[in-house]
Every structure is written in structure tokens, then in C-alpha cells.
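The exercises below are to be worked with the sequence and the model at hand. Each task is followed by a solution in steps.

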Amino acid sequence: MRIGALKDSYGADQALFDTAPQRLWLALGAVALLAFPFAASDYWLYLACLVGIHIVSTTGLNILTGYTGLVSLGQAAFMGVGAYVVALAETRLGTPFLLNLLAAGLVTAAVGMVVGVPSLRVKGLYLAIATIAASFILHFVFQNWTAVTGGTRGLSIPPARLFGLELARPFALYWVIAPLTCLMVLAAANLFRTRIGRAFIAIRDRDISAEVLGIPLLRYKLMSFGLSSFYAGVAGGLWAYFFRVVTPESFPFVYSIFFLAAVIVGGMGTILGGILGAVFMTLVPEALKLVVGLLSPWMPNAVAILSPVRTIVFGALIIGFLILEPHGLAEIWRRIRRFFHLWPFKT
Amino acid sequence: MEFDWLFFFEVTLAGLGSGALLALTALAFVLIYKATKVVNLAIGEMLMVGAYLFFSFAAGFGLPVWLAIPLALIGGGLLGAIVERTIIRPMLGESAISVFMVTIGLGSVLVGLVEIVWGAAPTQLPDFMGTTPLFIGAAYVSRKIAIGFAVASIVIAAFVLAFRFWRGGVALRATATDQGAAYSCGIDVPKVFSAAWIVAGVAAAGAGILVGAVGGISPTMGVFGLSALVVVIVGGLDSIAGALVGGLIVGLVEAWSGTFIGGEYKLLATFGLLLIILMVRPYGLFGTVEIERL
């Protein structure tokens with residue numbers, strides 16, 4: 001039984017992994033991540049890669065929405081920008097794989113900052129709707145700037161190459177996506193131990209107070225938009241290498257809602273929440289597919305109603321979590337942990 | 001090329017017609033926002049459900065139109081009441097963003113339900129308006145659009161009068177201005193919330209029937225709600241006059257850009273307008289400017 005951890009310095013209090021058991025579990029987790037591709041089938045590797053991409057994007061959106069309090073419904077469109085940048089760099093310039101990803105992040109960050117400009121004048125729902133507008137305009141650009149984006153046909157991309165190895169199968173891509181995901185999540189976790197991250201949180205809690213405290217609002221809001229879209233851009237780039245074809249339809253408006261839902265379901269404003277939310281929201285449709293597969297002997301039209309049921313479950317998850325567990329899966333996780341910490345005492 | 005004024009006039013009339021439908025949808029939105037401060041992103045889906053209900057009553061059960069329309073309106077009102085009691089009431093006092101996300105979820109649930117009950121394929125509503133075209137001067141106007149315009153204008157006028165003179169309308173305005181004060185004056189605020197959602201549900205269902213009659217119905221017709229969202233931002237979230245003016249402006253912009261530049265530019269023009277308005281007048285043309293203090 002461990003009741004609490006004694007911290008006797010600010011450093012210890014701010015540490016990312018503060019207790020020995022936590023470090024042990026994280027080490028075990030890292031080993032599991034390393035062993036996973038050798039144990040899993042192609043299908044599970046495919047899912048793992050998709051989950052990794054979604055975690056990157058959700059963490060990015062969490063920086064903007066969960067930590068800075070700026071709702072954005074344009075995350076999917078930003079991912080689209082990243083994907084197109086990667087596709088263009090790969091096919092037109094042939095630059096190396098990791099450089100393309102970095103370029104995707106940077107270009108998307110620039111686009112995101114432009115989209116974030118209205119954030120000083122409008123906020124809350126007006127801003128959310130402004131980002132809807134931006135995402136539709138980006139979608140229009142993808143569709144109609146035919147000379148660059150290939151119009152509705154889209155662009156197809158050769159497999160990624162790293163050190164002369166061709167990364168075509170999920171097994172190979174896993175070794176890029178998984179470390180990159182860990183790196184970006186760690187970077188995000190560290191961000192909130194710095195001055196910038198604390199400024200974001202101050203803006204979320206009360207932007208006027210933050211301004212009175214001497215935080216330049218526009219600069220930090222734009223920075224938040226930039227960082228968040230950087231994550232979206234990298235995620236989009238990975239997405240492009242993963243599916244190897246980018247069309248305007250790849251990043252529909254619903255996909256943006258998907259990421260916002262992942263942030264909410266996971267828990268706004270926690271790093272763990274972004275991870276849990278992305279995993280949960282990616283795996284729920286697969287679980288549904290499984291259930292429908294089991295039901296199909298008894299229900300002949302089970303497969304036909306799969307897509308509407310998926311839509312309903314998607315919406316019901318958002319509603320259910322917001323009403324019953326507004327702090328999301330991260331809060332449930334915390335509660336479970338506290339139960340084991342304090343056992344046999346009641347929490 | 002010489003500019004064809006007659007054609008321009010016809011396009012303008014069509015734009016005003018669809019603008020009136022947008023205004024009606026925006027009205028349902030403003031009503032909810034005024035009373036409960038909820039930004040209802042599911043307004044397009046509520047409209048769609050109304051249209052599908054009408055489709056069931058008129059085509060499925062073969063009821064006459066004069067019975068099917070009121071039944072669909074009642075269904076829309078019921079939907080509003082259910083939504084308010086089950087998912088909006090528990091969210092009272094939560095941040096505006098959470099409630100906004102709840103309505104996004106609601107929209108998704110409604111789309112799924114409609115697809116399960118009625119199938120995903122687009123269909124036509126039974127024709128109940130006739131197709132004889134109307135002529136204003138020499139300009140051709142589709143009969144459906146003209147009827148839509150007329151109905152929408154009448155309904156909106158009725159709303160404006162109700163807000164001004166009817167006790168319920170006054171109670172709603174009082175609640176919108178100051179909930180605490182309204183409470184202490186003996187206004188049953190939760191009842192006003194319910195009433196606002198019910199009336200908005202009815203208005204949305206009505207708009208759905210009209211929109212469906214003009215353009216057919218499908219589970220994706222909720223996209224119409226996005227244009228209505230632009231309307232309320234342009235006009236101001238809490239202004240009925242704004243919904244009217246915004247509806248007509250957006251209708252015209254959509255019609256002109258759709259006809260003279262190309263159909264794919266329609267959404268672009270609408271959202272471009274939205275961004276311009278947001279930059280110039282963040283609270284819309286007629287919206288209340290919120291003053292924030294520390």
C-alpha cells in the first residue's frame with residue numbers, strides 16, 4: 001500500500017515520471033511496444049500504426065483545445081495540408097523521408113497560424129465556426145488547385161525510404177510511427193512544464209487575467225495554433241506514407257469531429273487523455289465490426305446497418321462522456337489508480 | 001458579352017427564396033441560443049428529421065398533406081422536447097463548448113437513426129405544391145421556391161409578432177436578458193427552456209419540409225445547417241433581425257456565386273463571407289457585443 005509520494009523539491013514535484021513504480025510500468029510499456037510487432041498479425045500492426053497517427057493528431061489538438069481552450073474543428077484539414085506537402089515533396093522533389101515529415105509539420109504550422117489569426121478577435125464558438133470555415137476553404141483548395149493537388153484524383157506516393165530500406169508494410173512503418181509518436185507525446189508532456197505551456201493554461205483558464213499577468217495573448221494563441229497544426233501536419237504526413245494516396249475526400253469534416261471527440265472522450269487537458277481518447281476512438285469501430293460479425297448469423301442485415309450504427313455510437317459516445325464523465329477516460333484511469341493506491345481504504 | 005439582366009433577376013429571386021428558408025432555419029437556431037445559450041450545431045439534422053417525418057406520413061402512410069404537415073411539425077416539436085430534457089438539461093451550467101460538442105454528437109446520432117429507419121439513399125418528397133411556374137414580370141420563378149419564400153416570410157413575421165406581444169415571447173426575452181431576474185419575477189425558466197426547444201423543433205421541421213420539397217431529402221441534407229450557421233454568425237447569434245437579414249444575404253451570395261462563378265464556389269463564397277464578417281464585426285451585424293470584465 002502506497003498512500004502518497006513525499007516530494008521535497010520543486011524539481012521532484014515537476015518531474016514527468018515521479019515515482020519508481022510509474023517508471024517501472026513505463027519501462028514495461030516500452031518493452032511491450034518493442035515486442036509488439038513480432039507478436040502481432042498484420043491487421044493489428046495496421047491498427048497500431050493508425051492509432052499512432054491518431055495519437056499524434058489528437059495530442060496536437062489537445063494542446064490547442066484542452067490546454068489553451070481554443071476549440072478547433074479544422075484538425076483534419078490541417079492533416080490534409082501535411083499529407084499534401086509530403087506527397088508533393090516525395091513525388092516532385094524526392095527529398096528524404098524524415099525531412100518531408102518535418103516540412104509537412106512546418107508548412108502546416110504556418111497554415112495553422114494563419115487560421116488562428118481571428119482568435120484574438122473572436123473566441124469560443126465563433127472561433128470554432130471560423131475554423132470550420134477554414135477547413136472548408138482548405139478542402140476547396142485541395143479539390144480545385146488541380147495543378148498542384150491533382151484535383152479529385154489526388155496524389156499517390158511511393159513507399160517511404162529510410163537508410164535504403166523500403167517502408168511499405170505496416171511492420172516496417174511501425175518502427176517509424178511508434179518512436180515518433182512517443183517522441184511527440186513526450187514533447188507535448190514536457191511543453192507544459194515550461195513557461196510557454198503554463199501561459200497556454202493561463203489563457204485557457206481566463207484569458208483576460210492572463211493578459212493582465214503580462215502574457216501577450218495573440219502571440220501565445222498563435223503559438224498554440226502553430227504547435228497544434230505542427231502535430232497535425234506530422235500526423236498527416238505519416239498518414240500519407242501509411243495509405244500512400246491522398247485525395248480531398250481523405251480528410252472530411254467528420255474526421256475533425258473525430259479528433260475533437262477523441263480529445264473529449266480521453267479527457268481534455270491531459271496528455272494521457274489524448275492517448276487514451278485516440279486509442280479508444282480508433283478501436284471502437286473495429287470492436288463494432290467484430291460485434292456485427294458475431295451477430296450476422298442471427299441478423300441477416302447486420303452488415304448493412306453497420307455504418308449507421310457506427311455513426312450513432314460515435315455520437316452517443318460524445319454525448320455520454322460529456323454528460324456522465326466530462327473529464328474523460330483519463331479521469332476513470334486516475335480513479336482506478338487511486339483505488340489501488342489506497343486499497344484497502346475506500347477512496 | 002452583354003449582361004443578362006433578366007437572368008440576373010431570376011437568379012436573385014431564387015437566392016431570396018432559398019435565403020428565406022435559411023432565415024427560417026436560422027430563426028430556430030437563434031431561438032434556442034437566445035433562451036438557453038446553446039449553440040445548436042445539430043439544427044440541420046433536426047431539420048432533416050422533420051423532412052423525413054413528413055415523408056413517412058405523406059408517402060409511407062399515405063396521409064393527406066394537410067394532416068401530414070401538422071404531424072411532422074408535432075414530431076419536430078417532440079424531438080426538440082426530448083432533446084432538451086434528455087441531453088441539454090443535464091448539461092446546464094457546463095461550459096458552452098461542452099454543450100456545443102453535445103449537439104455535434106446529437107447530430108451524428110440523428111443521422112445514424114435516419115439512415116437505419118429510412119435508408120441512406122436520397123429520395124423525393126411527394127409533390128404537394130404543384131409545378132406551374134410563376135412569373136414576376138418576365139422573370140421565371142419556380143413555384144416551390146415561391147411558396148417556400150411565402151411560408152417562411154409568414155412564419156418569421158408571426159415569430160417577430162409573438163416575441164413582441166405574446167406573454168411567452170416576453171418571458172423568453174426576459175430569460176434571455178437575465179435568468180436570475182426572470183426567475184425572481186415569477187417566470188418558470190426551465191419551462192421557457194423547454195418551450196424554446198419545442199418551438200425551435202417545430203420551426204426546424206417546417207423548414208425541413210420546405211427544403212426537402214425543393215431539393216429532395218437525404219441523410220446528408222443536414223449540411224444545409226452549415227449554411228444556416230453562417231447565417232446566424234453573419235447576422236449575430238442572438239438577433240432575430242440578424243437571422244432575417246443574414247439569411248437573405250447568404251441566400252443571395254450562394255445563388256450568385258453558384259450561378260456566375262460555379263457550383264463548387266458556393267461554400268467557398270459563403271465561408272469567405274463568414275470570415276470577412278468575423279474579422280470586421282466579430283459579433284455579427286446585429287449581435288449583442290459581449291463586454292468582458294476581469
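**Exercise 1. A salt bridge in chain A**

Does E325(A) count as buried or exposed, and at what relative accessibility?

*Solution.* Step 1. At 14% relative accessibility, E325(A) counts as buried, where buried means under 20% relative accessible area, exposed over 50% and partly exposed in between (1.4 Å probe, protein chains only).

Before the next step, the conventions are stated. This is a predicted model, in which local features need pLDDT of at least 70 and side-chain atom pairs count only at pLDDT 80 or more, while totals for chains, interfaces and linings use all residues. Residues are numbered from 1 along each chain as its sequence is written, chains are lettered from A and ligands numbered from 1 in the order in which they are written, and side-chain values use heavy atoms, with hydrogens and water left out.

Step 2. Identify the partner: E325(A) forms a salt bridge with R335(A), with 2.8 Å between the closest N and O atoms. The term salt bridge requires a side-chain nitrogen of Lys or Arg within 4 Å of a carboxyl oxygen of Asp or Glu.

Step 3. Place both residues. E325(A) belongs to the loop between α14 and α15 (328-342) of chain A and R335(A) to helix α15, so that the pair links distant parts of the chain, 10 residues apart. Helices (H or I, at least four residues) and strands (E, at least two) are DSSP runs, numbered from the N terminus.

Step 4. Assess the partner: R335(A) is partly exposed, at a relative accessible area of 38%.

**Exercise 2. Further salt bridges**

State how many salt bridges the rule counts over all chains, and examine two other pairs.

*Solution.* Step 1. The count over all chains comes to seven salt bridges. Side chains of opposite charge can pair when their charged atoms come close.

Step 2. In chain A, K7(A) and D13(A) form one such bridge, their closest N and O atoms lying 3.7 Å apart. D13(A) is partly exposed at 43% relative accessibility, and K7(A) is partly exposed at 35%.

Step 3. In chain B, the side chains of D188(B) and K191(B) meet in a salt bridge at 3.9 Å, N to O. D188(B) is partly exposed, with a relative accessible area of 38%, whereas K191(B) counts as exposed at 58%.

**Exercise 3. The interface of chains A and B**

Describe the interface of chain A and chain B by its contacts, its buried area and its residue types.

*Solution.* Step 1. In chain A, 40 residues are in contact with 42 residues of chain B, contact meaning heavy atoms within 4.5 Å.

Step 2. The two chains bury about 3,800 Å² between them, 83% of it on carbon and sulfur atoms. Buried area is the accessible area (1.4 Å probe) that two parts lose on being put together, summed over both. On the side of chain A, L125(A), Y126(A) and I129(A) lose the most area to chain B, together 19% of what that side buries.

Step 3. Across this interface the rule finds zero salt bridges. One residue pair is in polar contact between the chains, both residues at pLDDT 80 or more. A polar contact is a pair of N or O atoms within 3.5 Å; within protein, one must be able to donate a hydrogen and the other to accept it, and residues adjacent in sequence count only if both atoms are side-chain atoms.

Step 4. The elements of chain A that give two or more residues to the side touching chain B are α6 (125-144), α10 (207-212), α12 (253-266) and α14 (306-324). The largest share, 12 residues, comes from α14(A).

Step 5. The residues on this side of chain A divide into 31 nonpolar, six polar and three charged. Here Ala, Val, Leu, Ile, Met, Phe, Trp, Tyr, Cys and Pro count as nonpolar, Asp, Glu, Lys and Arg as charged, and the others, Gly among them, as polar.

**Exercise 4. A buried threonine**

Locate T103(B) and describe its surroundings.

*Solution.* Step 1. T103(B) is found in helix α4 (residues 96-118) of chain B and is buried, with a relative accessible area of 0%.

Step 2. A polar atom of the T103(B) side chain lies 2.6 Å from the backbone oxygen of F100(B).

Step 3. Leaving aside neighbours within four places in sequence, T103(B) is in contact with V38(B), V39(B), N40(B), L41(B), A42(B) and I88(B).
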